[in-house]
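Please consider the structure shown below. The paragraphs that follow lead through several of its local features in turn.

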Amino acid sequence: MQPRFKLIRYFTITSWFALGCVAAALMHFQENQSKLVESVLNQEAQAMHEMQTLLVNRSEEAARRDLLSTREDNNVQLARLLSSALWEDPLTPFLATARTIDFTHCLNLGKHEGTVRAPMPSAQTRTCLRQQGARVRALPQFAALDTRLLGAMRGSRVVEIRILDLQGITLYSTDHPQVGEDQSGHPGWRRAAREGQPASERSSPDRSAAMPGVVEHRDVIASHWPVVDPRTHQPIAVFEVHSDITADLNQLQQTAADARQTAADNQAGLERQARDNRNLVRRSEQMQLVMLAGLLVLVYAALHTIVRRAQAAIEKQALESEANKQRLAQSEKMASLGQMVASVAHQLNTPLAFSKSNVFMAIRALDDMAPGIRSASQALERATTSAGDTAASRPLELDTDSVLSRLSQFPDELRMTQDMLGDVLMGLDQMNEMVDNLRSFTRLDRSRTAVVDLNTTLASVIYIAKAVISTKIRVVHKFSRLPGLECHVSQLNQAFLNLILNAAQAIDGAGVVTVSTASDGQRIRITVEDTGNGIPDDVLPRIFDPYFTTKPVGTGTGLGLAIARDIVTDHGGTLTVKTQVGVGTTFQIELPIPAGQAA
């Protein structure tokens, strides 16, 4: 007899399948490891690049601030020295003479009703100011002051010096056409003239280019210094000094450019080193895979030899081995489903037990009917034989009453057997419903993502949850119409189950867990509410921490809420909690609906 069980064949198929799985797992691990190494190296290179860039930028900013501060101090000191050195002669005589020239009537030409001075001087006002400025330039003291100030500027980076009176009128400027201009709107003049404080500002290249007397495309610092009368200690004029810092800024920019180029060269070197490291890691991983594949082949060859030697003995136990293999496969499947399926399994026992009992009783009823059927058959056979016998004059000895009595019981026994088999079908339907809900919950036969109605999948989760939680706790649902949502169904089922079981575990004794759904067209909301004890304030901030649990040791891992939150977050949603001690707790999941899926 040809044995049905071929150990070598099964071993070969299983081994190659296992080797294929191991190879796929190793390749997947290698790919993930390579991606991880590459990601780490890229992050390190990016971090180094950002750090170097930040260092260069901060160094440039610090150098720029120091340069501007130094130039501002120099301008202020120069204005102070000039006002002190030129005070007696020619500054004081010039100011005294210049004040005799009346600029007030020019400014009054631009007055409007309700204002002291027009926002923009009129053409008549500007003409009058230029005429009065020409009178100032014609003063002998102007020439003397101009000679002294131009001499002081010679060889320095000062490009312009002005003297403004307390009305904001330019009484002196190394750029003579500016004499007579109204500078009362300048913030530096206002601070120096009205507050008695020095003020400085940097003029951009565009602004400095617009200043008469200033070379185009230069960076200039303008500083205002109040000229104080040493006798009255009151400001009598304002010195305005313009210094050219273009060369300093250019040198600073060149230094920063050199630093950036050095950083770029360093970054390129780091990238080359990173590529070399990645190649080295890939070669090392490939070598390890080759060595591991060789070891697997050796193990397979050794096991194949052992199996061939055991073939003869195992063939005698083929049927038992097959049964054991099926039981082992079933045990592995049940173990893979975990504790949840173990809790569901006991519900299969009731319909299975009465179905088995009814089948046994049906078989026994059929066994009980067998003797009656055989007796009737024998009686009919003897009656047929006696009818054709020549000695038919002898009376036929038949226990007719016994046969008829036995046959009369068959309808009742058959009806009872049908009822029992009907109960078996009902039990099979119950088991089929449970398996369908379990399969719907796990989604083992579907793709990773799918567009589903969350009301349907929640119904399966609630069905499974009822098998796990206490019968004292009622689980009710309030579902609203929801649009389809593309999601990772098995992951969301796990999150829903964790929240429902957590809600049930929070209830001592009898209580209610309410699962409700709603949608506003942009989001889907799933709410799990319980009538438990609530969460204390000192515990609430930690409920989503992994491994944190308030349950006794051995009854909880502290991962349920953490896993649920991570799953919801991966779907772009949020998981929030509201609780009141002594009243209950409400967890709410909000999932966004893509625009193309909105109902």
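Which helix gives the most to the nonpolar patch? In this predicted model, the answer is helix α10, spanning residues 339-387, which gives three residues to the patch. The patch lies on the surface, has an area of about 340 Å², and is made by Val359, Phe360, Ile363 and Leu421. Among these residues, phenylalanine 360 is found in helix α10. Its relative accessible area is 49%, so phenylalanine 360 is classed as partly exposed, because the exposed class requires over 50%.

A second helix, α2, covers residues 87-98, and its buried residues are Trp87, Pro90, Leu91, Phe94, Leu95 and Ala98. These residues cover an arc of only 150° around the axis, and therefore they lie on the same side of α2. The general geometry of helices is relevant here. With 3.6 residues a turn, an α-helix has residues three or four places apart pointing the same way.

The third site is in a strand. Threonine 527 has its place in strand β10, which comprises residues 523-530. Is threonine 527 buried or exposed? Its relative accessibility is 13%, and because buried means under 20%, threonine 527 counts as buried. Leaving aside neighbours within four places in sequence, threonine 527 is in contact with Thr514, Val515 and Ser516, and also with Thr586, Phe587 and Gln588. With glutamine 588 there is, in addition, a polar contact of 3.4 Å that joins the side chains of the two residues.

Notes
Residues numbered from 1 in each chain as written. Predicted model: local features only at pLDDT ≥ 70, side-chain atom pairs only at ≥ 80, totals over all residues. Heavy atoms only, no water. Helix = DSSP H or I, 4+ residues; strand = E, 2+ residues; numbered from the N terminus. Buried < 20%, exposed > 50% of the residue type's maximum accessible area, 1.4 Å probe, protein only. Polar contact = N/O pair within 3.5 Å; in protein donor to acceptor, adjacent residues only side chain to side chain. Contact = heavy atoms within 4.5 Å. Patch = residues over 30% accessible without salt bridge, like charges linked within 9 Å, V, L, I, M, F, W, Y side chains within 5 Å. Areas by Shrake-Rupley, 256 points an atom, 1.4 Å probe, with all protein chains shown as cover. Salt bridge = Lys/Arg side-chain N within 4 Å of Asp/Glu carboxyl O. Arc of directions from axis to C-beta.
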